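Work through the exercises below with the model open. Try each task before you read its solution.

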Amino acid sequence: MSSVSDRIEQRRAQWAELEVLCSQLELRRSATGSASQTDRFAKLYRDACADLALASAYQLPPNRQQYLHRLVARAHNQLYRAQRWQPGYWMEVVFVNAPQQIYRDPCVRVAALVFYGLFIISMLLAWQSNLFPGFAEALLGQDALDSMREMYSDDQSEARGGSFFAARSGMAGFYIQHNTTIGLQCFAYGILIIPSLLLLGDNAIQLGAVFGYMARDSGSQATNFLKFVTAHGPLELTAIALSAAAGMRIGLGWFYTQGLPRSESLRVNTMRSLPIVVAAVVLFFLAAFTEAFISPSNMPYLVKAAWGLMTSAGLTFYFVVLGFPRGGTSAA
Amino acid sequence: MNPLAVRPLDTTVEVATPEHISFDYAVAGPFRRLPAFLFDLVLKVSFLFAVAIAMVLCLSATGIEFGEQIAMFMFFVLVFFVFWFYGAVSEGWFNGRTPGKWLLGIRVISTTGSSLNGGQALLRNLIMAADLLPATPMYFLLTIDEVEPDGFVGVPTFLCGLCCMMLTTRQQRLGDLAAGTMVVVDQRGWSTMDARISDRRVSVLASYIPAHFQPSATLTKFLAAYHERRRFLGTGRRNEIARHLTPALLERFGFRSDIDPDLLLQSLYYRTFLAERNQEVLIPPELQGFSPLLDADRPKPSAANAAATRKDFAASAAIVLPNAAGAIEPTASAVDTITSTLEAPKP
């Protein structure tokens with residue numbers, strides 16, 4: 001009968017080999033090695049598993065058992081690797097899962113109601129300068145309003161020359177960065193519930209006040225402003241409401257557990273929110289590009305209005321036709 | 001249920017694999033994760049700085065019309081992507097590790113022990129925005145004109161994430177909880193080798209340990225742990241620790257009571273882990289004629305009473321209490337005697 005140390009010595013060469021294979025696999029991006037190598041790895045991993053299972057029967061010293069735990073964990077990590085970012089999977093998320101989830105998720109309706117409700121109320125308050133004087137001024141500040149009026153005082157589409165595209169691209173970057181960040185914050189804060197609702201409400205009220213204030217004047221600002229927002233408005237507002245809805249879905253997981261343990265419920269609800277937020281990000285990007293390149297460009301207003309109509313129709317198609325519950329999935 | 005059988009208080013998570021084996025992962029706490037986060041942050045910021053400088057240099061060299069605007073566009077988009085998707089993409093791509101996590105030796109896995117998928121990586125990194133809350137306002141920044149007066153300028157405190165980590169056994173932040181992931185220490189290599197015992201007295205003493213004596217599982221564990229740590233201890237401390245066990249062992253083996261306790265445990269370790277059974281022991285010349293046995297003529301215990309002795313010993317070893325140590329206090333002279341008798345020659 002050999003001693004414990006001899007048994008360890010016998011196995012050590014194979015453990016070392018497994019470690020070398022692990023290091024090689026860790027450095028490589030894809031897990032596909034040669035067939036013989038993969039075969040060898042699988043065999044060594046199974047042996048290491050067996051060693052770990054028998055470790056206490058073999059009376060291995062604790063530090064050696066710990067080593068085996070680590071070795072098995074490391075090999076396990078290489079055998080069951082992270083699923084890669086497959087384009088097919090994300091296409092399915094955006095075009096199949098997201099619309100269906102959006103269609104049947106009550107959170108989307110609640111978030112849309114909160115957002116558009118506050119938006120419309122705020123817009124009316126800012127627009128009715130006779131009934132509610134000073135609402136927009138108090139909310140947004142006179143300086144901000146003045147600079148906004150100045151911005152839209154001339155028809156931008158005629159003010160600049162042909163290289164408008166390039167001149168505006170800096171702003172496009174800013175819109176993507178700024179608006180999408182707000183949207184994603186709305187989503188992330190959803191896990192804390194209240195910050196997300198506050199952020200959503202704040203955006204709805206501010207945007208509503210801007211719309212109402214700009215529409216108040218009969219001058220050229222109003223026309224210019226409304227012309228400006230036609231193209232990207234539908235996309236951007238919907239995207240904010242959607243990302244807040246996804247956040248709300250996560251927050252709901254805390255207390256509407258449907259019989260699951262609380263942490264499990266949170267996880268399940270978060271997974272359900274993923275397609276919605278991915279769709280929201282896509283919408284934010286579309287909105288940002290529109291806002292930067294189409295809205296301020298010197299295209300005829302007809303084109304911009306057509307684009308606005310087209311995106312609205314596209315969204316409707318996306319939500320209703322793609323999202324309409326079908327075969328079996330509706331029961332969930 | 002035996003209260004000793006419950007899981008230890010260690011911050012480890014047990015993971016069962018499809019191979020029908022369960023292994024432990026050590027959970028990474030904030031003191032590993034914060035440096036990783038900061039390293040990633042430095043990496044992100046310095047990358048953006050490098051890109052900005054490269055852009056400025058390119059622009060000044062070429063001078064394209066509206067080049068500034070195009071560069072601005074690219075830069076804003078880059079800032080957005082780097083700050084929101086750096087973690088998600090690198091964790092999805094490098095099997096749960098960002099460069100910072102790689103440096104600190106930690107890895108994100110899903111709570112089931114399998115690797116995380118792209119969706120989980122995306123979610124846990126998006127929700128990090130909530131973990132960073134609340135931000136402390138920095139009023140001195142508001143006095144600078146360039147900063148938007150209505151924009152909220154603040155430094156994230158990470159308090160939400162930290163509290164959440166303290167309250168969960170797997171030390172998950174909010175993003176981890178929501179995505180069903182955890183961060184574990186990605187250990188590798190083995191800590192200590194089996195030190196070969198060079199002291200020749202050990203093998204001699206080990207040969208006198210009765211052949212039927214089988215150390216229990218807990219004693220085996222203790223011996224290994226003692227052996228691993230004894231090199232960090234002084235002679236006095238070694239004896240103090242060893243004395244908790246040695247009186248019972250000496251009695252069981254029929255040894256003299258003045259045997260060095262540390263030496264006895266070392267020989268027991270040697271017997272358990274290193275020695276071949278029925279191995280011939282070469283007795284060095286200076287130890288010829290030495291016997292640790294109380295009565296040198298007494299025959300070694302027969303196999304018949306082996307079972308009984310083992311049971312007795314297990315009972316006595318299992319209930320050794322720390323304050324029982326003082327009960328048997330070998331005199332200094334007794335320790336001296338044994339050390340002088342068993343003094344190994346310097347090679």
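A helix here is a DSSP run of H or I with at least four residues, numbered from the N terminus. Keep in mind that the model is predicted.

**Exercise 1. A salt bridge inside one helix**

Task: Find the salt-bridge partner of Lys43(A) and state where the two residues lie.

Solution:
- Step 1. Look for the partner. Lys43(A) forms a salt bridge with Asp47(A). The closest N and O atoms are 2.8 Å apart.
- Step 2. Place the pair. Both Lys43(A) and Asp47(A) sit in helix α2 of chain A, residues 35–53.
- Step 3. Check the spacing. Lys43(A) and Asp47(A) are 4 residues apart, about one turn of the helix.
- Step 4. Judge exposure. Partly exposed covers the range between 20% and 50% relative accessible area. Lys43(A) has 35% relative accessibility, so it counts as partly exposed. Asp47(A) has a relative accessible area of 21%, so it is partly exposed too.

**Exercise 2. Salt bridges that span the sequence**

Task: For Glu19(A) with Arg74(A), and for Arg173(B) with Asp131(B), say which parts each pair ties together.

Solution:
- Step 1. Start with chain A. Glu19(A) and Arg74(A) form a salt bridge, with the closest N and O atoms 2.8 Å apart. Glu19(A) belongs to helix α1 (residues 4–27) of chain A and Arg74(A) to helix α3 (residues 62–79) of chain A, so the bridge ties together parts 55 residues apart in sequence.
- Step 2. Check burial in chain A. Glu19(A) and Arg74(A) are both buried.
- Step 3. Turn to chain B. The side chains of Arg173(B) and Asp131(B) form a salt bridge at 2.7 Å, N to O. Arg173(B) is in the loop between α7 (159–167) and α8 (174–179) of chain B, and Asp131(B) is in helix α5 (residues 128–131) of chain B, so this pair ties together parts 42 residues apart in sequence.
- Step 4. Check burial in chain B. Arg173(B) and Asp131(B) are both buried.
- Step 5. Widen the view. Chain B also holds a salt-bridge network of Arg33(B), Glu91(B), Lys101(B), Arg124(B) and Asp176(B). Over all chains, the whole structure has 14 salt bridges.

**Exercise 3. How helices pack on α13(A)**

Task: Classify the packing of α4(A) and of α12(A) against α13(A).

Solution:
- Step 1. Recall the description. Two packed helices are described by the angle between their axes and the distance between the axes.
- Step 2. Take α4 (residues 87–104) and α13 (residues 262–294) of chain A. Their axes come within 8 Å and cross at roughly 105 degrees. That makes α4(A) roughly perpendicular to α13(A).
- Step 3. List the contact. Residues of α4(A), including Tyr89(A), Trp90(A) and Val93(A), meet residues of α13(A), including Arg272(A), Leu274(A) and Pro275(A). The contact divides into 12 nonpolar, 2 polar and 1 charged.
- Step 4. Take α12(A), residues 233–255. Helix α12(A) packs with α13(A) at about 170 degrees, with the axes 8 Å apart. Angles over 145 degrees count as roughly antiparallel. The two helices α12(A) and α13(A) are therefore roughly antiparallel.
- Step 5. Sort this contact too. The residues of α12(A) with α13(A) comprise 16 nonpolar, 8 polar and 5 charged.

**Exercise 4. Backbone details in chain B**

Task: Locate the cis peptide bond at Pro134(B) and the positive phi values of Asn95(B) and Phe158(B).

Solution:
- Step 1. Find the cis bond. It joins Leu133(B) and Pro134(B), with omega about -15 degrees. Pro134(B) is in the loop between α5 and β4 (135–137) of chain B.
- Step 2. Check Asn95(B). Its phi is positive, about 60 degrees, although Asn95(B) is not a glycine. Asn95(B) lies in the loop between α2 (67–93) and α3 (99–104) of chain B. At 4% relative accessibility, Asn95(B) counts as buried.
- Step 3. Check Phe158(B). Its phi is near 70 degrees, again positive in a residue other than glycine. Phe158(B) lies in the loop between β5 (154–156) and α7 of chain B.

**Exercise 5. Chain totals**

Task: Set out the secondary structure and burial of chain A and chain B.

Solution:
- Step 1. Chain A has 14 helices and 0 strands. Of its 332 residues, 48% are buried.
- Step 2. Chain B has 15 helices and 6 strands. Of its 347 residues, 43% are buried.

Methods:
Residues numbered from 1 in each chain as written. Chains lettered and ligands numbered in written order. Predicted model: local features only at pLDDT ≥ 70, side-chain atom pairs only at ≥ 80, totals over all residues. Heavy atoms only, no water. Axes fitted to C-alpha atoms, helices over the stretch in contact; angles between N-to-C directions. Parallel < 35°, antiparallel > 145°, perpendicular 65-115°, else oblique. Contact = heavy atoms within 4.5 Å. Nonpolar A, V, L, I, M, F, W, Y, C, P; charged D, E, K, R; others polar. Salt bridge = Lys/Arg side-chain N within 4 Å of Asp/Glu carboxyl O. Buried < 20%, exposed > 50% of the residue type's maximum accessible area, 1.4 Å probe, protein only.
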